[in-house]
2 protein chains.
Amino acid sequence: MKRNSSLKQDLEILRNTSKELKLIHGILSLLGWDQEVYMPSKGVLGRGKQTAFISELYHNKLISKELGNSIEKLEDNKDKLTRNDKSLLRNISHDYKKAVKIPSEVVKELAEIETISQKAWEKAKKESDFKSFAPYLSKILKLKLEICEKVGYKNSPYDVLLDDFEPYMTEEKLDKLFPKLREETIKILNKIKNNKINIVKKKINLSMPIDKQKQFTLLVLKKLGYDFGAGRRDEVEHPFTTWISANDVRITTHYYKEDFTKALSSSIHEGGHALYEQGRDKKILLTGLDEGISFGIHESQSRTWENFVGRSKYFWKYFLPKLKKLYPKFKSIQEKDLLLEINEVKPSLIRIYADEVTYNLHIIIRFEIEKDLIKGKIKVNDLPEVWNSKMKEYLGIKPKKDSEGVLQDVHWSCGKFGYFPTYSLGNLYAGQFFYKMKKDIPDLNKRIEKGDFACLLNWMREEIHKFGHIYTASEICKKITGKDLDAKYFVNYLNEKYGEMYGF
Amino acid sequence: MKRNSSLKQDLEILRNTSKELKLIHGILSLLGWDQEVYMPSKGVLGRGKQTAFISELYHNKLISKELGNSIEKLEDNKDKLTRNDKSLLRNISHDYKKAVKIPSEVVKELAEIETISQKAWEKAKKESDFKSFAPYLSKILKLKLEICEKVGYKNSPYDVLLDDFEPYMTEEKLDKLFPKLREETIKILNKIKNNKINIVKKKINLSMPIDKQKQFTLLVLKKLGYDFGAGRRDEVEHPFTTWISANDVRITTHYYKEDFTKALSSSIHEGGHALYEQGRDKKILLTGLDEGISFGIHESQSRTWENFVGRSKYFWKYFLPKLKKLYPKFKSIQEKDLLLEINEVKPSLIRIYADEVTYNLHIIIRFEIEKDLIKGKIKVNDLPEVWNSKMKEYLGIKPKKDSEGVLQDVHWSCGKFGYFPTYSLGNLYAGQFFYKMKKDIPDLNKRIEKGDFACLLNWMREEIHKFGHIYTASEICKKITGKDLDAKYFVNYLNEKYGEMYGF
C-alpha cells in the first residue's frame with residue numbers, strides 16, 4: 001500500500017519536473033529567438049545574463065536530488081508504468097544521468113570558451129587563418145574529452161558526443177551505415193560523370209524581388225500545412241526554427257534577391273521542422289514527450305519536405321504555374337530547366353550549398369575527422385591537411401583556402417562535435433520513411449502534382465509527429481518500416497531520381 | 001567580528017536577490033512584450049503557463065525566508081549601510097513585507113478572476129451593459145479589500161492599493177492635493193469659457209500616410225534622444241513601454257491614418273518613459289535600484305515630453321518645417337492653427353482623449369469614486385449614477401451610455417484600484433520639476449526652438465534618471481525643488497500657457 005502511494009508520488013515528481021523543464025525550455029527559446037530576430041544590439045549583455053540564469057534554473061531542476069530519487073524508484077518499478085510514463089522516464093532519466101555526471105565548473109568553463117572560440121572562428125574564417133583558431137579548438141576538445149570521461153562510455157568517447165544530438169547513436173552503428181553510403185554515393189557520382197544522355201542546361205535568371213519571394217514562400221508554406229496561427233515567420237541572417245510552446249513554433253528565413261530558390265528551399269526546410277513540432281497529439285502537449293525524438297529524426301522531416309518533395313517534378317508541376325502567375329517575368333521558364341537547375345549534381349566545396357548526392361560526402365568527411373580527433377588519431381593542427389586530402393579523395397576537388405575548407409562551418413567552434421552525422425542520418429531516415437509512405441499512398445506523386453500535400457502531412461502526423469518523443473529513433477524506424485535503419489532506401493531514391501535525370 | 005561578517009553575508013543576500021529579481025522581471029517583460037507584439041494567436045495558452053511559472057518564481061524569491069532574515073538583520077544595522085544599500089534595503093523590504101502578508105490563494109484567486117473579469121468588461125463595454133460587469137467588479141473589490149486587511153494600514157485601506165503603484169502615497173496626502181487641483185482646474189475652465197479674444201479655429205486635415213508617420217515619429221524620437229541601439233519600436237493596438245534589460249527598453253505605437261498627431265503624442269509619451277529607463281547611472285545597472293521610482297514619477301517624465309514639450313510652440317517652431325519637408329501636403333499648415341488644434345481645451349467624455357486642462361478632472365472623479373468604493377460609501381451598482389453626476393458637476397457634460405462613462409477604462413476590470421491617481425501625480429510632479437528646470441536653464445524655450453533637446457534630457461538625467469530608485473518620490477521632489485509636492489506649479493503652468501492662448 002505504502003509502496004504504491006510512494007510510486008504515485010514519484011510519478012508526480014517525474015511528470016511535474018518534465019512539465020517545468022518544458023516551460024523553461026520554451027522561455028529559453030524565446031530569449032534566443034528574440035536575440036536573433038528583434039533584440040537591439042546593446043541588449044546582448046543583459047540577454048546573456050538572462051539566458052545564463054534560465055539555463056542554470058533548467059540545469060538545477062534537472063539534477064535535483066528529488067528527481068534523482070524518483071527516477072531510481074520508478075526504474076525499479078518500470079513494469080507498473082504505462083507506455084507513455086515509461087517513455088517519459090526514459091527521456092528524463094537519460095538527460096538526468098548525463099547531467100549529474102558533468103561537473104558544473106566544466107560546463108561553465110566550456111560555455112565561456114565556446115563564446116570566445118566562436119568569435120575567434122569568425123575572424124579566422126574571414127582571414128582564412130586556421131592557425132589562429134587552432135588553440136581554441138584544442139581547448140574545447142580537451143574539455144569535451146573530459147566530459148566524455150566523466151559521463152562514461154562502452155566503446156568510444158565519441159558516443160557520448162553523438163548522444164547529445166542523437167540519443168543512443170554510437171560510432172559503431174555509424175560505422176555500419178556511413179561507409180556503405182559513401183561507396184554508393186561515389187558510384188552514383190561516377191555514373192553521373194559518365195552519363196550517356198546529352199544534358200543541355202539552360203542558364204536561368206532566378207532573381208526575384210524580395211516582396212515577391214515573401215509572397216511565394218508564404219503561399220507554399222500555407223499549402224504544405226504550416227499553421228500561421230500557431231507560428232510566425234521572420235527574417236534573419238541564418239535561418240532556424242524554434243519551439244516556444246505547443247502552439248507557438250516559429251520559423252525564420254533569409255532572402256537572396258538574385259536567387260529565389262535559396263529562400264524557398266530554406267523556407268520549406270524550416271517549415272518541415274515546424275510541421276513536426278506542430279503535429280503532436282494533444283494528450284502529450286506540455287509534457288516531456290512533446291518534443292522531437294532526435295536531431296536526425298527532425299532532419300528527416302525537414303529534408304523530406306525540402307528535397308524529396310520540394311525538388312521533385314511533381315511539386316513543380318503544381319507550383320510553377322503559381323509562381324509564374326505571381327511573377328510573370330518567369331513565364332518563359334521551362335519546368336525541365338528549373339528542375340535541372342535546382343537538382344544539378346556537382347562536387348563543390350561548401351556543405352550548405354551541396355546537392356542531395358554529394359551532401360553526404362561532406363558529412364562523412366566530418367564524421368571521419370571527428371571520430372579520429374576524439375581518438376587522438378589526428379591532431380588539431382593536422383586538420384586542414386586531413387580535410388583537404390579527404391575532399392580530394394571523395395569529391396575530387398580541393399579547397400584553395402581553409403575558409404572554403406576546414407573553417408567553413410561554425411559547429412566545432414561552439415563545441416558541437418557529434419552534430420554533423422545527424423544531417424546524413426536525417427537523409428537516411430527520410431529515405432526509409434519515404435519508401436514506406438509511397439507504399440502506403442501509391443498515388444502520392446499524382447496527388448502532389450494536384451497540390452494535395454495534406455495526404456503526405458497526414459501520413460507524417462499519424463506515423464511520426466503525433467508521438468513526439470514516445471519512441472526512440474530506432475524504435476520509430478522499426479515501427480514504421482519494420483526494419484532497422486538502412487542506407488539502401490536513400491541510395492535507391494538517389495539512383496531512381498538521378499538515373500532518370502542523367503540517364504543511367 | 002562575527003556580527004560584521006554576518007552583516008556582509010546578509011548584504012550579499014540582499015544584493016543577489018535584487019539582481020535575480022531584476023533578471024526575472026526582465027524575462028517576464030519579454031514574455032509580455034512578445035505576447036502583445038509578435039506572438040501567434042494560438043500561443044496564448046502556453047504563454048499563460050510560462051508567465052505564471054516565472055511570476056511564481058519571482059514571488060517565491062521575494063518571499064524567501066532567507067531574504068526575510070537578512071532584511072530583519074540589516075534593518076537593525078541600517079546605520080552601517082551606504083546610501084545605496086539603504087535604498088536597496090528600503091525597496092526590497094517594502095515589497096517583501098507586503099508580499100509575505102498576502103496569502104497565495106488570494107493572489108491566485110484574484111489573478112483568475114481578473115482574467116475572466118477583463119473579458120467580461122470588454123463585452124460589457126461593447127454592449128454598454130454595466131449590469132453584466134458589476135458582479136465581476138464586486139468580486140475583485142472583495143478580494144482587494146481582503147488584501148488591504150491582510151497587509152494592514154494606518155488610516156485607510158485605500159492606502160494599500162495606492163502604494164502598489166505609488167509607494168508611500170496615501171489617501172490623506174491626495175486629499176491635500178487633488179481638491180485644490182480640482183478647484184483651480186474648474187477656475188481655468190471658466191476663464192477659458194469666458195475668454196475675451198475671438199479664437200478662429202481653422203479646420204486642418206491631419207491625415208498622413210502611415211509610412212510617413214513612421215518616418216516623422218522616428219525622426220522626433222531620435223532627436224529627443226531615444227537610443228535605438230538600446231531599444232526598438234513596434235506596432236500594437238494599445239501602446240506601452242517595456243524594460244527588458246538596462247540596454248533594452250522598447251516602445252510601441254499605434255498609427256491612425258486620419259490623424260498623425262495621435263501616434264506622435266503617443267510616441268513622445270512612450271519615448272519619455274523609455275528615456276527615463278535608458279538614463280540610469282551605470283553603477284546601479286542590474287541592481288534593485290535600476291528602476292523608476294513610482295508610476296507617478298514615471299508619468300512625470302512621459303508627460304513632460306508629451307505635453308510640456310511636444311505641445312509647445314517652441315517644439316513646433318523646430319519640427320513643423322521638418323514635418324512639411326517630409327510631407328509637403330502639410331505645407332499650408334500654419335503653426336498657430338496646429339497649436340490650437342493640438343491644445344484645444346474642451347470638456348469631453350473620454351479620459352484618454354482629454355486635453356491637458358480637463359484631464360485631471362477625469363482622474364479626480366475616478367479617485368473620489370475609488371476611495372468611496374473602498375470605504376463602502378458607494379456600492380458597485382451605484383457606480384454609473386455616481387460617475388455621471390460627477391461628470392456633470394466637474395465637466396458640465398454627461399455620457400449618454402456607460403461605454404462612454406464608467407465602462408471606458410480597463411483598469412478596474414483587472415483590479416488596478418489606486419492606479420488612476422498616478423496619472424495626475426505625474427502631471428503635478430512634471431509641473432514642479434519643469435518649473436525648476438526652467439530656472440536652471442533660463443533659455444530652455446529658445447534652445448528647444450533650435451532643436452536642442454539634449455539640455456533638457458541632460459537635466460532629467462542628472463536630476464532624476466541616473467538615480468533610478470535610490471530616492472523615494474517625495475525625497476526626489478524635495479531634493480530637486482526644495483519643496484514637497486504642490487499642485488500650484490502645474491496650475492501656474494496651465495494658467496500661463498492657456499492664458500496666452502485664450503487671452504486671460
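Chain B brings 30 residues to its contact with chain A, and chain A brings 31 (two residues are in contact if their C-beta atoms, placed from the backbone, lie within 7 Å). This is a predicted model, in which local features need pLDDT of at least 70, side-chain atom pairs count only at pLDDT 80 or more, and totals for chains, interfaces and linings use all residues. Residues are numbered from 1 along each chain as its sequence is written, while chains are lettered from A and ligands numbered from 1 in the order in which they are written. Here is a friendly tour of the interface, the small sheets and a helix pair.

**Where the two chains meet**

- On the side of chain B that touches chain A, α1 (2-37), α2 (44-62) and β2 (241-245) of chain B each supply at least two residues; helices (H or I, at least four residues) and strands (E, at least two) are DSSP runs, numbered from the N terminus.
- That side of chain B is made up of 14 nonpolar, 9 polar and 7 charged residues (Ala, Val, Leu, Ile, Met, Phe, Trp, Tyr, Cys and Pro count as nonpolar, Asp, Glu, Lys and Arg as charged, and the others, Gly among them, as polar).
- The copies meet through the same surface, because 100% of the interface residues of chain B are also interface residues in chain A.
- A turn of 180° and a shift of 0.0 Å along the axis lay chain B on chain A with an RMSD of 0.0 Å, superposed by least squares on the C-alpha atoms of residues with pLDDT of at least 70 in both.
- The two copies are therefore related as by a two-fold rotation axis.

**The sheet of chain B**

- In chain B, 3 strands in the order β1-β3-β2 form an open sheet with mixed pairing (two strands pair if DSSP finds at least two bridges between them).
- β1 (233-235) and β2 of chain B are the edge strands, each pairing on one side only.
- From one strand to the next, the twist averages 25°.
- β1(B) runs parallel to β3 (residues 248-253) of chain B, joined by 3 bridges; Asp234(B) stands opposite Thr252(B), and Glu235(B) has Thr253(B) as its bridge partner.
- β2(B) and β3(B) run antiparallel with 4 bridges, and a hairpin joins them through 2 residues; here Trp243(B) has Val249(B) as its bridge partner.
- β3(B) is mostly covered, with 6 of its 6 residues buried (20 or more other C-beta atoms within 10 Å of the residue's own, against 12 or fewer for exposed and in between for partly exposed, with C-beta atoms placed from the backbone).
- Asp248(B), Arg250(B) and Thr252(B) point one way from β3(B), while Val249(B), Ile251(B) and Thr253(B) point the other way.

**Helices of chain B**

- Helix α10 (residues 260-278) of chain B lies across β2 and β3 of chain B and runs at about 170° to β3(B); axes are lines fitted to C-alpha atoms, for helices over the stretch in contact, and angles run from 0 to 180 degrees between N-to-C directions.
- The axes of α16 (residues 421-440) and α20 (residues 488-502) of chain B come within 7 Å and cross at roughly 80°.
- That crossing makes α16(B) roughly perpendicular to α20(B) (65 to 115 degrees, where under 35 counts as roughly parallel, over 145 as roughly antiparallel and the rest as oblique).
- Among the residues making this contact are Phe434(B) and Tyr435(B) of α16(B) and Tyr489(B), Phe490(B) and Tyr493(B) of α20(B).
- The residues of this helix contact divide into 6 nonpolar, 3 polar and no charged.
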